[in-house]
Protein chains: 2
Amino acid sequence: MELVNQADLDALFEFLPCRTPDVWIQEALQQEEILLQNHCYLEQCAARNALQLMFRCPDKPDVLSKMSKLAREELRHFEKVHELLTRRGYAYKILKPSRYAGLLNAEIRKTNPGQLIDSLIVGAYIEARSCERFASLAPHMDDEISVFFRSLLKSEARHFKDYLTLAQSHSREPIDQRVAFFGAIERNAIESEDKLFRFHSGVPA
Amino acid sequence: MELVNQADLDALFEFLPCRTPDVWIQEALQQEEILLQNHCYLEQCAARNALQLMFRCPDKPDVLSKMSKLAREELRHFEKVHELLTRRGYAYKILKPSRYAGLLNAEIRKTNPGQLIDSLIVGAYIEARSCERFASLAPHMDDEISVFFRSLLKSEARHFKDYLTLAQSHSREPIDQRVAFFGAIERNAIESEDKLFRFHSGVPA
C-alpha cells in the first residue's frame, strides 16, 4: 500500500482552518454504520460534482482532465466502501444530508468566473476535510477500516491540491481572500454544534 | 489491442432494429469535427446517466456495481476522445443535442419499477447504437480513428448487455415487449430524416 507522506498531510492540516474536535471522533466510533453509509454516499457525490464541473467547463482542458480522473477515482472508492458495507452486513442507504456542504455551497457566487472559482475552492475544502477525517479516525478504527482509510489518504490529499490549483489558474487575482472566506465558514461548520451525526458534521449536540 | 469477437457483434446487430443507413455514413465522413465533438460529449453523458441511475438505486447492489464500473469506463473513453480532438486541433464544444435520446427518453414510464426498467432498456439501445456506429464507421476512417473505434467496440458491446441484464433482473415480467416498443422508436429515429447531423442522428435531410 502506497502511503501518504507526512509533508502532504502537513500541507493539508495547514490549509484547513481547524482539526476535527475529539468529541466528533468519539461519536464516530459509536456510529460506524452511519459513518460508512454516509462515506459511501459522499464518494458518489464527489464523482457527481466533478462531472458537473466538466459539463460547465467544456472549454477548459485542465478542468476536464483533472475532474474526469478525479471522478473515476471517487467511483473506485465508492465501490470499495460499498464492498466494505456489504461485508459488515450494513445496507447502503442514502441518509438525510449533513448541513456541511450546504453551508459552503450557499456562499458560491452566482456568475462566472466567481462561480467556478468558488466551486473549486469548496471542492478543495470538502476533499481536505474528508482526508483529515480519514487521518483522524484511522488510529481508532479496527484493522480493516484503518488500512482502508489510510489507503484513501494518498489520493484525497492530491485531490484537494488539484482543486486549489485549478481555482488559482482560472482566477485573475490571488484566491487567498476567497480561500480564507470559505475557511471561516468551514471552521464554523466543524466547530459549532450539529444535531445530525454525519461524516462532515460538527460538534455532536 | 483486445478486439470484440464476431459473435458479440452479431448479438448486437440482432438486438438493434436496423443497421445505420449508408447515407449517414457518407455524411459522417464529411463531418469529422462534429462527429468527434459529439462523441466526446456522449461519453460524458453516458457517465452522467450511469451515475444518475446509481443515485436512484441505492438498494440495488447490481445496478450500483455495474453502473459505477460503466461510468468509470465512459470517463476513460471521454479522456481518450478529448485527447484525439486536441491532437487534431478541434476544440471541444457541447453542441445542440441530437433528437435521438430525447425521442427514447420521452417514452420512459414515470413511476417505478417501469421507470427503472425503461431507463435501462433505453441505456441498452444507446450503447448498442453507439457500438454499431463505431463498427460501421471504422472501415472508412483513417488509421488512428479506425483503431480507436475498434478498441471501443469491445467495452461498448458489453455495456449494452449489462443494461439489458439489469432491466430483466428488476422486472417481474419478460421485458421483450418493452424492448420491442423502444426498438420501434429507435428504428424511426435512425431511419427517418433528421435536420441535424450528430453521432446518433437519422438520415441526413
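In this predicted model, the two copies meet through the same surface, because 100% of the interface residues of chain B are also interface residues in chain A. A rotation of 180° superposes chain B on chain A, with an RMSD of 0.0 Å. The shift along the rotation axis is 0.0 Å. This relation is that of a two-fold axis. Among the residues of chain B, B:Arg72 comes closest to the axis. Its C-alpha lies at 2.5 Å.

The interior was examined next. The largest nonpolar core holds 138 residues. Within this core, A:Phe149 and B:Phe149 have the most contacts. In chain A, the relative accessibility of A:Phe149 is 0%, so the residue counts as buried. Leaving aside residues up to four places away in sequence, A:Phe149 touches A:Leu35, A:Leu36 and A:His39. A:Phe149 also touches A:Phe134, A:Leu137, A:Ala138 and A:Met141. In soluble globular proteins, nonpolar side chains tend to be buried together.

Aromatic rings were then considered. Over all chains, the search of the whole structure finds 20 aromatic pairs. One of them joins A:Phe148 and A:Phe149. The ring centres of A:Phe148 and A:Phe149 are 6.2 Å apart. Their planes make an angle of 40°, and the pair is tilted. A:Phe148 has a relative accessibility of 11% and counts as buried, as does A:Phe149 at 0%. Ring pairs extend to a cluster of A:Trp24, A:Phe134, A:Phe148, A:Phe149, A:Phe197 and A:Phe199. A:Phe134 is thus both a member of this cluster and a contact of A:Phe149.

A:Trp24, another member of the cluster, also has a charged neighbour. A:Arg133 lies over the face of A:Trp24, 3.9 Å from the ring centre. In chain B, the charged end of B:Arg133 sits over the ring of B:Trp24. Its distance from that ring centre is 3.9 Å.

Cysteines were examined last. The search of the whole structure finds zero disulfides over all chains. A disulfide requires cysteine sulfur atoms within 2.5 Å. For A:Cys45, the closest cysteine sulfur is that of A:Cys40, at 10 Å, so the two are too far apart for a bond. A:Cys45 is buried, with a relative accessible area of 11%. For B:Cys45, the closest cysteine sulfur belongs to B:Cys40. The separation is 10 Å, again too far for a bond. B:Cys45 is buried, and its relative accessible area is 11%.

Terms used:
Residues are numbered from 1 along each chain as its sequence is written. Chains are lettered from A and ligands numbered from 1 in the order in which they are written. This is a predicted model: local features need pLDDT of at least 70, side-chain atom pairs count only at pLDDT 80 or more; totals for chains, interfaces and linings use all residues. Side-chain values use heavy atoms; hydrogens and water are left out. A nonpolar core is a set of buried Ala, Val, Leu, Ile, Met, Phe, Trp, Tyr and Cys residues joined through side-chain atoms within 4.5 Å. Buried means under 20% relative accessible area, exposed over 50%, partly exposed in between (1.4 Å probe, protein chains only). Contact means heavy atoms within 4.5 Å. Rings of Phe, Tyr and Trp (its six-membered ring) pair if their centres lie within 6.5 Å; planes under 30 degrees apart count as stacked, over 60 as edge-to-face and the rest as tilted. A charge sits over a ring if NZ of Lys or CZ of Arg is within 6 Å of the ring centre and within 35 degrees of the ring normal. Copies are superposed by least squares on the C-alpha atoms of residues with pLDDT of at least 70 in both.
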